[in-house]
Amino acid sequence: MKILVKLGELFDASRLIPIELAHVSGVSYKTLGEAPTDFLESLASTGEKVNVEATLNPQSFDKHLKERLPENLVKAQLKLCEIFDKLGFKPSFTCTPYYIKTPRKGAHLAWAESSAVVYANSVLGAWTNREGGPSALAAAIIGKTPNCGIHKAANRKPKILIEVEAPLKSEADYGALGIFLGKILEDKIPLIKGLKNPLAEDLKQLGAALASAGMVNMFHYKNNAVEARELEKITVEPKNIKETIAELTTASTSKPDLIFIGCPHCSIREIHRIANMIGTRKVKDNVEFWICTSRFVKKKAKAFVQKIEASGAKVLTDTCTVVTWTDRLGIKKIMTNSAKTAHYAPTLNKAETILAPLKECLKTALKG
Ligand code: F3S
């Protein structure tokens, strides 16, 4: 309660408001470390539990990776998972909790995964600030959050107009747009014009990248001529996307150790699409091919998952490339269709990156 009240005071909230869902990040031991584990352990020992439906971000391994990681790290992660279990969290371990339960339009949430925050505000029409791990945890236990930031309608209005003149041909282009804008927008909410019938998954890539390169927590993309007339304008040209993709490709050769799809975690539709695109082809020797999703989606898309795994690719749940110790697995070069991963991997995975559309990732991963 002290955490929530303090935050409310800092951001001029007049009261706490009830939330319908909470989502906590900082679940991977790789990103969390020992001190927060002690804090969580002492909290769980008081018998406190969450008071709303509360989900968790990915942790640092799944069954495919567990055996390949040092025992001390696996133990530390399992201890963290047990603590979250005691606190009453669902073992969802995904950054796309909206595929498990889609929040209703206008619902107030306390979510801490930045990609999910942007998606919830911009695509689903739910209302959430970008919580930190501790504030989302506090909100999950109290069931409330301070009424500030974009929980208030007045703070959700667009502040800048973005005219996209660049053709966006793939999810990698949408992600590159997100990184480009994230770096120049600071925390200004954009009204993005010029997106041509984007899929929800394209918007997911755009939002995830926007939030990783900057502080924006929502965007508007449906035309609103009245608001657009009064706004400062920035134009995105083809060269901006091309240059951003080049910046996110740090590898000098096109031979990756790992090809990674599923940042943010794949939807059922993406799993279907990948399975159909793979067909009967097999993964090349000396290459790892991971597709990350949630347990929930993996179960729902069982037949397609089997088809994907028959190729030699691994459908991982509970984790992702960024939050596991890829360096300990000997992975030095990562190819991905996710601009967010390409943005983080050089620092968080100490790896070189290649950003490319799904089609090209599959071409590199598969024989024939
Ligand atoms: Fe999710 Fe990992 Fe990307 S947590 S958003 S797949 S970095």
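Visitor: Which residue in S3 is the bridge partner of His 23?

Guide: Ground rules: this is a predicted model, in which local features need pLDDT of at least 70 and side-chain atom pairs count only at pLDDT 80 or more, while totals for chains, interfaces and linings use all residues. Residues are numbered from 1 along each chain as its sequence is written, and side-chain values use heavy atoms, leaving out hydrogens and water. Strand S2 (residues 21-24) pairs with S3 in the parallel sense over four bridges (two strands pair if DSSP finds at least two bridges between them). In S3, the partner of His 23 is Thr 55.

Visitor: And what is the strand order of that open three-stranded sheet?

Guide: Strands here are DSSP runs of E, at least two residues, and helices are runs of H or I, at least four, numbered from the N terminus. S3 (53-56) and S4 (109-111) are the edge strands, each pairing on one side only. Neighbouring strands are turned by 15° against each other on average, direction ignored. With parallel pairing, the order is S3-S2-S4.

Visitor: At about what angle to S2 does helix H7 run?

Guide: H7 covers residues 133-142 and lies across S2, S3 and S4. The angle is taken between N-to-C directions, from 0 to 180 degrees, using lines fitted to C-alpha atoms (for helices, over the stretch in contact). For H7 against S2, that gives about 145°.

Visitor: Which strands stand at the edges of the five-stranded sheet, and why is one side of each left without a neighbour?

Guide: This open sheet runs S11-S10-S9-S12-S13, with parallel pairing. Its twist averages 25° from one strand to the next. Each edge strand has a single partner strand, so one side has no neighbour in the sheet; the two are S11 (314-317) and S13 (352-355).

Visitor: Phe 260 is in S9; which residue in S10 stands opposite Phe 260?

Guide: S9 (residues 258-261) is covered on both faces: Leu 258 and Phe 260 on one side, Ile 259 and Ile 261 on the other, are all buried (under 20% relative accessible area with a 1.4 Å probe, protein chains only). S9 also pairs with S12 (residues 333-336), parallel, over three bridges, where the partner of Phe 260 is Thr 336. Towards S10 (residues 288-293) there are four bridges, again parallel. Opposite Phe 260 in S10 stands Trp 290.

Visitor: Which element gives the most residues to the largest nonpolar core?

Guide: A core is a set of buried Ala, Val, Leu, Ile, Met, Phe, Trp, Tyr and Cys residues joined through side-chain atoms within 4.5 Å. This one has 49 residues, and Phe 260 and Trp 290 are among those touching the most other members. Elements giving two or more residues include S2, S3, H7, S9 and S10. With seven residues, the top contributor is H5.

Visitor: How many of the residues of H9 are buried?

Guide: H9 (residues 200-213) reaches 20 Å from its first C-alpha to its last, close to the 20 Å expected at 1.5 Å a residue (1.5 Å times one less than the number of residues). Its buried residues, including Leu 203, Leu 206 and Leu 210, pack against H6 (114-124), H8 (171-185), S7 (190-193), H12 (268-278) and H15 (339-348). The helix is mostly covered, and the buried count is 12 of 14.

Terms used:
Buried < 20%, exposed > 50% of the residue type's maximum accessible area, 1.4 Å probe, protein only. Contact = heavy atoms within 4.5 Å.
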